[in-house]
Amino acid sequence: MTVEESLKEARCWYAEDIRAVAPVAHNDKVVEAFATVPREHYLGAGPWLIHSRLSFLALHKSRSSDPRHLYHDVLVSIDAASGINNGLPSLWALVYDNLDIKSGDRVLQVGAGTGYYTAILAELVGAQGHIVGYEIEAKLAARAASNLKHYANVEIFSGDATRADGLPQCDVVVACAGVTHIPGNWLTALSDKGRMVLPVTGVDGWGFLMQAARDGDRLPVKSLGPCGFYPCRGARLDQEAAAISAAVKRPGSLAALGCYHVGPPPDGEDDIWLTGSDYWISRRQED
């Protein structure tokens with residue numbers, strides 16, 4: 001077996017493991033994308049620092065520079081000092097599967113990192129689709145742009161996506177960093193059939209993955225489960241973070257999500273799951 005054949009076999013095993021762990025229940029193309037995109041191309045030469053699945057924040061170095069070390073459902077460090085990682089594959093497989101990403105979709109990705117999950121998105125939308133990726137760390141944005149230059153359907157921008165003017169209309173918005181609210185320009189960019197997944201996180205970086213999908217003038221939301229994320233600069237307010245931390249600790253709280261509403265709640269409204277500075281989330285989806 002050649003080295004490339006061995007790597008192809010490892011990627012296929014990895015993708016099938018992700019299918020089971022995530023799980024990927026709706027879109028087989030998500031599994032195909034993970035079996036296709038070479039993770040080592042986006043993470044550079046090894047050895048790599050890998051997070052233990054059993055001991056939070058514990059890192060160990062891979063035993064060698066063999067790329068097969070990357071074909072496990074593990075979090076890999078990009079910048080250990082800053083706490084920036086190449087995210088957990090099964091988590092992003094779950095997110096992409098639930099977003100129902102189709103060929104031809106237009107996607108805004110916030111937090112492109114070095115481009116690995118951007119490449120997965122590029123495979124999912126195909127040549128007729130388009131990915132606009134933002135990365136606030138200039139060095140990472142440069143790496144992502146270089147790593148993704150073979151994709152004609154990908155654009156990478158260095159900067160703060162929460163302050164970006166003139167974002168294109170998008171069918172999908174997905175963020176790879178924790179927010180306390182949905183920035184207005186992301187909502188404006190979301191198309192009539194748009195859907196998004198954002199990590200909504202509290203003061204300690206922990207919270208939940210919030211999925212939202214436009215339904216006329218409404219924006220119903222649900223949780224895809226708990227998560228912990230690096231903060232998204234420009235999309236965080238301390239008061240909102242404290243409220244989120246308190247809300248997710250309430251028993252059964254995440255099962256009670258209703259709709260995301262822009263602006264303050266109406267006077268006398270008692271169906272409130274969370275109130276932010278300029279938004280509120282109801283506990284029911286019916287008007």
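**Notes on the sheet and its surroundings**

1. Let's start with proline 199, which is in contact with Ala175, Ala177, Gly178, Val179, Phe208, Leu209, Cys227 and Phe229, leaving aside residues up to four places away in sequence. Bear in mind that this is a predicted model. Proline 199 sits in strand 9 (residues 190-201) and is buried, its relative accessible area being 0%. One of its contacts, cysteine 227, is 28 residues away in sequence, with 7.0 Å between the two C-alpha atoms.

2. Now the sheet itself. It is open, has 7 strands in the order 7-6-5-8-9-10-11, and its pairing is mixed. Strand 7 (154-158) and strand 11 (221-228) are at the edges; each has a single partner strand, so one side of each has no neighbour in the sheet. From one strand to the next, the twist averages 15 degrees.

3. For the antiparallel sense, look at strand 10 (residues 206-213) and strand 11, which pair that way over 6 bridges. Across this pairing, phenylalanine 208 is opposite proline 226 of strand 11. Phenylalanine 208 is also among the residues that proline 199 touches.

4. Strand 5 has a partner on either side in the strand order. With strand 6 (residues 130-135), strand 5 pairs in the parallel sense over 5 bridges, and here leucine 108 stands opposite valine 132. With strand 8 (residues 170-175), the pairing is again in the parallel sense, over 4 bridges, and valine 107 faces valine 172. As a reminder, side chains in a regular strand alternate between the two faces of the sheet.

5. How enclosed is strand 5 (residues 106-110)? Of its 5 residues, 4 are buried, that is, under 20% relative accessible area, so the strand is largely enclosed by the rest of the structure.

6. The connection from strand 5 to strand 6 deserves a look too. Together with helix 5 (residues 116-125), these two strands form a β-α-β unit, and the unit is right-handed.

7. Last, helix 4 (residues 89-98). All of it is buried, 10 residues of 10, so the helix is largely enclosed by the rest of the structure. The buried set takes in Pro89, Ser90, Leu91, Trp92, Ala93, Leu94, Val95, Tyr96, Asp97 and Asn98. Just after the helix comes aspartate 100, whose phi is positive, at about 50 degrees.

Notes: Residues are numbered from 1 along each chain as its sequence is written. This is a predicted model: local features need pLDDT of at least 70, side-chain atom pairs count only at pLDDT 80 or more; totals for chains, interfaces and linings use all residues. Side-chain values use heavy atoms; hydrogens and water are left out. Buried means under 20% relative accessible area, exposed over 50%, partly exposed in between (1.4 Å probe, protein chains only). Two strands pair if DSSP finds at least two bridges between them. A crossover is right-handed if, with the strands pointing away from the viewer, the path from the first strand over the helix to the second runs clockwise. Axes are lines fitted to C-alpha atoms, for helices over the stretch in contact, and angles run from 0 to 180 degrees between N-to-C directions. Contact means heavy atoms within 4.5 Å.
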